[in-house]
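Please read the points below with the coordinates open beside you. They are meant as a colleague's notes, arranged by region of the chain.

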Amino acid sequence: MRKFILILLFLTPHLSNAEVVEFNYQSVIQLNEAWNIVDSAEDVPVAVIDQDFQIDHPGLKNSFDLKLAHDFSESNWTQIVYPNTYHGLLVASAVATQHKKSWIIPYNLGGTHMNTAGVTTAVYTAIHAGARVINLSLGEARMDPAKIPAYKVMAEYALKKDVLILIAAGNYGTNLEKDPSYPALLASDYSNIITVGASDHNDQPWQHSCYSKKYISLFAPGENIRVLSPTGDRLTSGTSEATPIASGIAALIRQLRPDLTASQVKSILMKTVDKSPAFAAKSVSGGRLNAYKAVRLAQSQKLRLVIR
């Protein structure tokens, strides 16, 4: 039996602005225009299931809901596996950037919980806590087939409870149809699951992003994204950054239209992407996330069509 390996999906953060140019993606996805529509709508909780949070970081102290948060590493948030990265912190900050005021529930994985059972348990915990959107910037390569059913049961339960889950595609630069990774592959079978690829500053698929016409729902900006770290801001790239950007926009839609189901939110996000030939052969929707178009459509109508 192949050994289970849970892989947090990120590349080494860029250490200075002198090395790279920040991708000011907000104008590309028309974030400010989306904010003008959502404006004062009541926030909805977004669960970030990840590893290495700095829960007292001043940039997120007003965003983290520590009453609902849970540290599955059983080390009172002190077990830091990647001290130079703080993956959970950077992911949470990418969610928060999509909101003028954010509500984030952190769930810290680690130790014996860094496995399929740990991920699914955290998802169930987040659902029971009331999360409407769940971000999973993680994935498993060389998946033990015996563990796939656990992910499917999780997805079915989330669908039943009307919870939307967004999953990072992976940073291997490969086609998921040839090199499968879970839970990313769930998006093709469940209307409440979105798998997110990363786009670059040229509005092309980022060179290291996984892709698939069958499994990748849509792309979102993921190159040279400004996020928080324990020592200040930094620029990082990956599907781990693209996914929380999409999660944040999904949460905006659920703020604006709490009556829409998770499946309808997925349909809206996929129906309103900015399409281009570059994304057509590498994703189901054939495009990159557009926040303004998504919230505008959510504001104007309900969708009967559900895109899987």
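The notes that follow deal with two strands, a pair of helices and two single residues.

1. On the status of the model. What is shown is a predicted model, and the distances, angles and burial values below should be read with that in mind.

2. On strand β4. This strand spans residues 104-108, and five of its five residues are buried. Both of its faces are covered, with Ile104, Pro106 and Asn108 lying on one side and Ile105 and Tyr107 on the other.

3. On the partners of β4. Strand β2, made of residues 46-50, runs parallel to β4 and is joined to it by five bridges; within this pairing, alanine 47 stands opposite isoleucine 105. Strand β3, which covers residues 70-71, also pairs with β4 in the parallel sense, here over two bridges, and histidine 70 is found opposite tyrosine 107. Isoleucine 105 and tyrosine 107, the residues of β4 named in these pairings, are on the side of the strand that does not carry Ile104, Pro106 and Asn108.

4. On strand β7. Because five of the five residues of β7 (residues 164-168) are buried, the strand is largely enclosed by the rest of the structure. Leu164, Leu166 and Ala168 point one way, while Ile165 and Ile167 point the other way, and all are buried.

5. On the partners of β7. Strand β5, residues 133-136, pairs with β7 in the parallel sense over four bridges, and the bridge partner of leucine 136 in β7 is isoleucine 167. With strand β8, residues 193-199, the pairing of β7 is likewise parallel and involves four bridges; there, leucine 166 of β7 stands opposite isoleucine 194 of β8.

6. On helix α3. Why can this helix be called largely enclosed by the rest of the structure? Ten of the ten residues of α3, which runs over residues 87-96, are buried, so the description follows from that count. The buried residues include polar ones such as His87, Gly88 and Ser93 as well as nonpolar ones such as Leu89, Leu90 and Val91.

7. On the packing of α3 against α6. Helix α6 comprises residues 239-256, and the two helices pack at an angle of about 35° with their axes 7 Å apart, in a right-handed crossing. The contact is formed by His87, Leu90, Val91, Ala94 and Val95 from α3, together with Ser240, Glu241, Pro244, Ile245 and Gly248 from α6. By character, these residues divide into six nonpolar, three polar and one charged. An α-helix has 3.6 residues a turn, so residues three or four places apart point the same way.

8. On serine 285. This residue is located in the loop between α8 (277-280) and β13 (287-288). Since buried means under 20% relative accessible area, serine 285 counts as buried because its relative accessibility is 6%. A polar atom of its side chain lies 2.8 Å from the backbone oxygen of serine 217, and a polar atom of the side chain of serine 285 lies 3.4 Å from the backbone nitrogen of glycine 287. Apart from neighbours within four places in sequence, serine 285 is in contact with Ser217, Leu218, Met270, Val273 and Lys275.

9. On aspartate 233. This residue belongs to strand β11, residues 232-236. Not counting residues up to four places away in sequence, aspartate 233 touches Arg226, Val227 and Leu228. Aspartate 233 and tyrosine 151 are 82 residues apart in sequence, and their C-alpha atoms are 34 Å apart in space.

Key:
Residues numbered from 1 in each chain as written. Predicted model: local features only at pLDDT ≥ 70, side-chain atom pairs only at ≥ 80, totals over all residues. Heavy atoms only, no water. Buried < 20%, exposed > 50% of the residue type's maximum accessible area, 1.4 Å probe, protein only. Pairing = 2+ DSSP bridges. Contact = heavy atoms within 4.5 Å. Axes fitted to C-alpha atoms, helices over the stretch in contact; angles between N-to-C directions. Left-handed = near helix turned anticlockwise from the far one by under 90°. Polar contact = N/O pair within 3.5 Å; in protein donor to acceptor, adjacent residues only side chain to side chain.
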